[in-house]
Amino acid sequence: MDKLRAHDLVRLAPRAVARIARSAPSWVERSLEAAPWAVVRRARVPDAVAIGVRGERRGERFATELQIDDIACVVTPESLLERRAGRVLDAFVALAAVARAGKEHGLLLGPTGSVGFELATGVACVSPGSDLDVVVRARPSDPALRRFAEALRDLPARVDVEIAFGEGCGVALEEALRAGPMLVKTPDGPRMRS
């Protein structure tokens with residue numbers, strides 16, 4: 001199995017679902033029964049994988065860890081560009097435009113958040129007002145990012161882009177395009193970087 005990165009989605013083995021459910025709020029068990037999937041979190045945990053379980057509500061997020069052997073399948077955001085949504089919603093329409101812009105500017109990207117989760121699992125969790133969250137694998141200084149950002153204007157859904165780089169670091173596209181220090185998410189927490 002390749003190295004896992006923040007935003008990868010992992011399908012949990014049944015034993016992992018049972019273990020997590022024993023020490024979690026009741027909504028976690030219901031959520032994992034509906035879709036035994038979690039997202040890889042940006043955190044440093046020795047000999048384990050940091051994951052987050054999402055619930056039906058926005059505030060329902062449960063952070064935990066699991067062993068690599070507890071992962072049955074990994075789906076990267078980039079691989080989700082090949083999947084088609086079974087519903088027509090603004091966030092999915094925006095994803096098609098973002099995918100075209102990424103290809104045009106030579107950027108490796110994929111959907112995260114509710115859009116990525118729905119495409120990976122088939123569980124309907126995108127709503128008519130959902131934003132589109134996207135991860136782009138690039139250096140924050142990549143000149144293609146400015147042209148890519150221009151292509152995101154006037155889309156039917158708000159698009160939040162994270163630039164993922166280095167060893168588990170991420171920065172908002174807006175931060176990467178500004179001159180000066182950036183607030184960077186790292187495995188050890190947020191840091192200001194030049």
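What follows is a chat about a predicted model of one protein chain.

Student: What helices and strands does the chain have?
Tutor: In this predicted model, the chain has six helices and eleven strands.

Student: And how does the radius of gyration of the chain sit beside that of a compact globule?
Tutor: A compact globule with 194 residues would have a radius of gyration near 16 Å, and the chain has 17 Å, which agrees. Along its principal axes, the C-alpha trace spans about 45 × 40 × 30 Å.

Student: How much of the chain is buried?
Tutor: Of its 194 residues, 48% count as buried. The chain exposes about 10,500 Å², and carbon and sulfur atoms supply 50% of that area.

Student: What about contacts, how many join residues far along the sequence, say at least 24 apart?
Tutor: If we take the contacts between residues at least 6 apart in sequence, 62% of them join residues at least 24 apart.

Student: Switching to cysteines, how many disulfides are there?
Tutor: The count comes to zero disulfides.

Student: Why is there no bond for C73?
Tutor: The closest cysteine sulfur to that of C73 belongs to C125, and because the two are 17 Å apart, they are too far for a bond; a disulfide needs the sulfur atoms within 2.5 Å.

Student: Are those two cysteines buried or exposed?
Tutor: C73 counts as partly exposed, at 31% relative accessibility, and C125 also counts as partly exposed, at 27%.

Student: Last one, how far apart are the mean positions of the positive and negative charges?
Tutor: The chain has 29 positive and 26 negative charges, and their mean positions are 1 Å apart.

Notes
Residues numbered from 1 in each chain as written. Predicted model: local features only at pLDDT ≥ 70, side-chain atom pairs only at ≥ 80, totals over all residues. Heavy atoms only, no water. Buried < 20%, exposed > 50% of the residue type's maximum accessible area, 1.4 Å probe, protein only. Helix = DSSP H or I, 4+ residues; strand = E, 2+ residues; numbered from the N terminus. Rg over C-alpha atoms; globule rule 2.2 N^0.38 Å. Contact = heavy atoms within 4.5 Å. Areas by Shrake-Rupley, 256 points an atom, 1.4 Å probe, with all protein chains shown as cover. Lys, Arg positive; Asp, Glu negative; His and termini not counted. Charge placed at Lys NZ, Arg CZ, Asp CG, Glu CD.
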